[in-house]
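Visitor: Please give me a close look at the packing inside this model. I'd like the cut-offs spelled out as you go.

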Amino acid sequence: MGSRGSFINVDIGDFKFKDGGKTFISIGESYGVKVLVRPNGSVKAPEFSHTACRIYAIVQNGALKHLCFYDDAHSQVKSIDFLHSHNGLKPHVHYELNHSDEGHPVLKEDLELADKVRRKFGLL
């Protein structure tokens, strides 16, 4: 249990979940985006979501690190990285789980969504 991102125990209100052995904590949802924080350690976006067609915002040290989009099979289809450059692009997009590509420019509507989430949750 946990490899696809299972909740710890929703019956007692514990909305932490594990993905690949790493625990994430949901701090809220807005604009159709669920915001997740990892309490410590490196932060990598979950490869799978709990919900089909989900969008996750992944937070690292108070800053938006990733905005990740998932398909109807719960698999990651697009990941936007905001905290580092890739081949001179910052932010940049990777499709599916391929982070060995050159990275792609971010769509305007995705940047607008990221800004809304940052303002709502007080993120850098």
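Guide: Let's fix the vocabulary: helices (H or I, at least four residues) and strands (E, at least two) are DSSP runs, numbered from the N terminus. On that count, the protein chain has one helix and eight strands, in the order β-β-β-β-β-β-β-β-α from the N terminus on. This is a predicted model, where local features need pLDDT of at least 70 and side-chain atom pairs count only at pLDDT 80 or more, while totals for chains, interfaces and linings use all residues. Residues are numbered from 1 along each chain as its sequence is written, and side-chain values use heavy atoms, with hydrogens and water left out.

Now for the inside. Of the 124 residues in the protein chain, 40% count as buried (under 20% relative accessible area; exposed is over 50%, partly exposed in between, with a 1.4 Å probe and protein chains only). In soluble globular proteins, nonpolar side chains tend to be buried together. Here the largest nonpolar core holds 16 residues, a core being a set of buried Ala, Val, Leu, Ile, Met, Phe, Trp, Tyr and Cys residues joined through side-chain atoms within 4.5 Å. Val 33, Ala 57, Leu 67 and Ile 80 have the most contacts inside that core. E4, E5, E6 and helix H1 (108-121) are the elements giving two or more residues to it.

Zoom in on Ile 80. Leaving out residues up to four places away in sequence, Ile 80 touches Lys 65, His 66, Leu 67, Phe 69, Pro 91, His 92, Val 93, Val 106 and Asp 110, where contact means heavy atoms within 4.5 Å. One of those partners, Pro 91, is in the loop between E7 and E8 and follows a cis peptide bond from Lys 90, with omega near -5 degrees. For comparison, most peptide bonds are trans.

Step over to Ser 79, in strand E7 (residues 76-81). Ser 79 counts as buried because its relative accessible area is 1%. Its contacts beyond four places in sequence are His 66, Leu 67, Cys 68, His 92, Val 93, His 94 and His 99. With His 92, Ser 79 has a C-alpha to C-alpha distance of 8.4 Å across 13 residues of sequence.

Apart from the largest core lies another one, of eight residues, among them Leu 36, Tyr 56, Cys 68 and Tyr 70. Two of those residues bring us to the rings: the model has one aromatic pair, formed by Tyr 56 and Tyr 70, edge-to-face at 5.2 Å centre to centre and 70 degrees between the planes. The rule is that rings of Phe, Tyr and Trp (its six-membered ring) pair if their centres lie within 6.5 Å, with planes under 30 degrees apart stacked, over 60 edge-to-face and the rest tilted. The pair links distant parts of the chain, with Tyr 56 in strand E5 and Tyr 70 in strand E6 (residues 63-70), 14 residues apart. Both rings belong to buried residues: Tyr 56 has a relative accessible area of 1%, and Tyr 70 comes in at 4%.

Tyr 70 also touches Arg 54, whose other partners beyond four places in sequence include Glu 29, Lys 34, Cys 68 and Phe 69. Arg 54 sits in the loop between strand E4 (33-37) and strand E5 (55-60), yet it is buried at 13% relative accessible area. Its side chain makes a 3.5 Å polar contact with the side chain of Thr 51 (a pair of N or O atoms within 3.5 Å; within protein, one must be able to donate a hydrogen and the other to accept it, and residues adjacent in sequence count only if both atoms are side-chain atoms).

Charges over rings turn up as well. Lys 78 lies over the face of Phe 69, 4.5 Å from the ring centre, and the charged end of Arg 118 sits over the ring of Phe 82, 4.7 Å from its centre. The test is NZ of Lys or CZ of Arg within 6 Å of the ring centre and within 35 degrees of the ring normal.

Last stop, the loop between strand E8 (92-95) and H1, home to Asp 101. Asp 101 is buried, at 14%, and touches His 86, Asn 87, His 94 and Tyr 95 beyond its four-place neighbours. Glu 96 lies in the loop between E8 and H1 too, but counts as exposed at 54% relative accessibility. Glu 96 has a positive phi of about 55 degrees although it is not a glycine.
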